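Trainee: Could we go through this model together? I would like to see how each label is earned.

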Amino acid sequence: MLAFTTSLQAAPVAGDGGNKVLCIGVVDVSRVINESPQAARAKSSMATQFAKRKNALEAKSNALRQDMDRLAQDASVMSDEDRDKLQSDIRDRQRELQLERSKYNDDVSDAEHKEFEQMRGDILDIINQYAEDNGYDLILGEGVIYSSDAVDVTDEILAELGDG
């Protein structure tokens, strides 16, 4: 739930001589993160950054699969020495591929985390500026169980992110 606005009567604020009307909004942070132009740019950048490694891993995996199929088909007509050598080569390549995939996944995860932290900071800056510009006293994010569509400001925040 990105944001909503509602009026609440608060206890009189000292020195103001009356009740203050609070303006409250809710932001669906996960929606903002997923739908923002910054997220699209980050996904595109990540895909480009890791494309070469991903393709290399897929090529190694395909080559390994072909050798495994060849072993399954031709094992009965291969010499014991050739069969043992191919089996050993397959096992070694499987271990190597598993390690490379693990390192690749760790690198992607680290890069995603860095991108997310950068995006999160930018998004919080935009939300804070939006709240100040529009007179909000409180904007809630994660942990909101319900809010009506009337107070949802998610689209407005996404528009602000698109302008930035």
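Mentor: Gladly. Of the 164 residues in this predicted model, 26% count as buried.

Trainee: What makes a residue count as buried?

Mentor: A relative accessible area under 20% makes it buried, over 50% makes it exposed, and values in between are partly exposed.

Trainee: Then how do you know whether E142 is buried or exposed?

Mentor: Set its value against the cut-off: E142 has a relative accessible area of 66%, and exposed means over 50%, so E142 is exposed.

Trainee: And why is R120 called partly exposed?

Mentor: R120 is at 33% relative accessibility. The partly exposed class lies between 20% and 50%, so R120 belongs there.

Trainee: What is the overall layout of the chain?

Mentor: There are four helices and three strands. Along the sequence they follow the pattern β-β-α-α-α-β-α.

Trainee: Let's turn to charges. Why is the contact of D155 with R31 called a salt bridge?

Mentor: The closest N and O atoms of D155 and R31 are 2.6 Å apart. The cut-off is within 4 Å, between a side-chain nitrogen of Lys or Arg and a carboxyl oxygen of Asp or Glu, so this pair is a salt bridge. As general background, side chains of opposite charge can pair when their charged atoms come close.

Trainee: What makes D155 and R31 a link between distant parts of the chain?

Mentor: Their positions: D155 is in helix α4 (residues 154-163) and R31 in helix α1, 124 residues apart. R31 has 24% relative accessibility, so it counts as partly exposed.

Trainee: How do you know that R70 and D67 form a salt bridge?

Mentor: Their N to O distance is given as 4.0 Å, and the rule asks for within 4 Å, so the pair is counted as a salt bridge. Both residues lie in helix α2, three residues apart, which is about one turn of the helix. R70 is at 38% relative accessibility and therefore counts as partly exposed.

Trainee: Which residues join R70 and D67 in a network?

Mentor: D89 and R93 do; the four residues are linked by salt bridges.

Trainee: What about the salt bridge of E142?

Mentor: E142 pairs with R120, the closest N and O atoms being 4.0 Å apart. E142 sits in the loop between β3 and α4 while R120 is in helix α3, so the pair ties together parts that are 22 residues apart in sequence.

Trainee: How many salt bridges does the structure hold?

Mentor: Twelve.

Trainee: Now the rings. How many aromatic pairs are there, by the rule used?

Mentor: The count is two. In one pair, F50 and Y104 have ring centres 5.9 Å apart and planes at 90°.

Trainee: Why is the pair of F50 and Y104 called edge-to-face?

Mentor: Two tests apply: centres must lie within 6.5 Å, and planes over 60 degrees apart count as edge-to-face. With 5.9 Å and 90°, the pair passes both, so edge-to-face is the right name. F50 lies in helix α2 and Y104 in helix α3, so they tie together parts that are 54 residues apart in sequence. Both residues are buried.

Trainee: Which residues have the most contacts inside the largest nonpolar core?

Mentor: They are V27, V32, I123, Y136, V153, I157 and L161, in a core of 16 residues. Helices α1, α3 and α4 each supply at least two residues of this core, and the largest share, five residues, comes from α3. A second, separate core has twelve residues, including L64, L71, M78 and L86.

Trainee: Last topic, pockets. What is the volume of the largest pocket?

Mentor: About 210 Å³. It has 15 lining residues, and the closest to its centre are V29, L124, I127, N128 and I139. α3 gives the most to this lining, with seven residues.

Trainee: How do the residues of that lining divide by class?

Mentor: Nine are nonpolar, two polar and four charged.

Trainee: And how much space lies in the second largest pocket?

Mentor: About 170 Å³. Its lining residues include I33, A39, M46, E112 and F116. By class, that lining has six nonpolar, one polar and three charged residues.

Technical notes
Residues are numbered from 1 along each chain as its sequence is written. This is a predicted model: local features need pLDDT of at least 70, side-chain atom pairs count only at pLDDT 80 or more; totals for chains, interfaces and linings use all residues. Side-chain values use heavy atoms; hydrogens and water are left out. On a 1 Å grid over the protein atoms alone, a cavity is a set of points where a 1.4 Å probe fits but cannot get out, and a pocket is an open set with protein on both sides within 12 Å along at least five of seven lines; lining residues have an atom within 4 Å of a point. Grid points are joined across faces, edges and corners, and a volume is the space filled by probe spheres set on the points. Ala, Val, Leu, Ile, Met, Phe, Trp, Tyr, Cys and Pro count as nonpolar, Asp, Glu, Lys and Arg as charged, and the others, Gly among them, as polar. Buried means under 20% relative accessible area, exposed over 50%, partly exposed in between (1.4 Å probe, protein chains only). A nonpolar core is a set of buried Ala, Val, Leu, Ile, Met, Phe, Trp, Tyr and Cys residues joined through side-chain atoms within 4.5 Å. Rings of Phe, Tyr and Trp (its six-membered ring) pair if their centres lie within 6.5 Å; planes under 30 degrees apart count as stacked, over 60 as edge-to-face and the rest as tilted.
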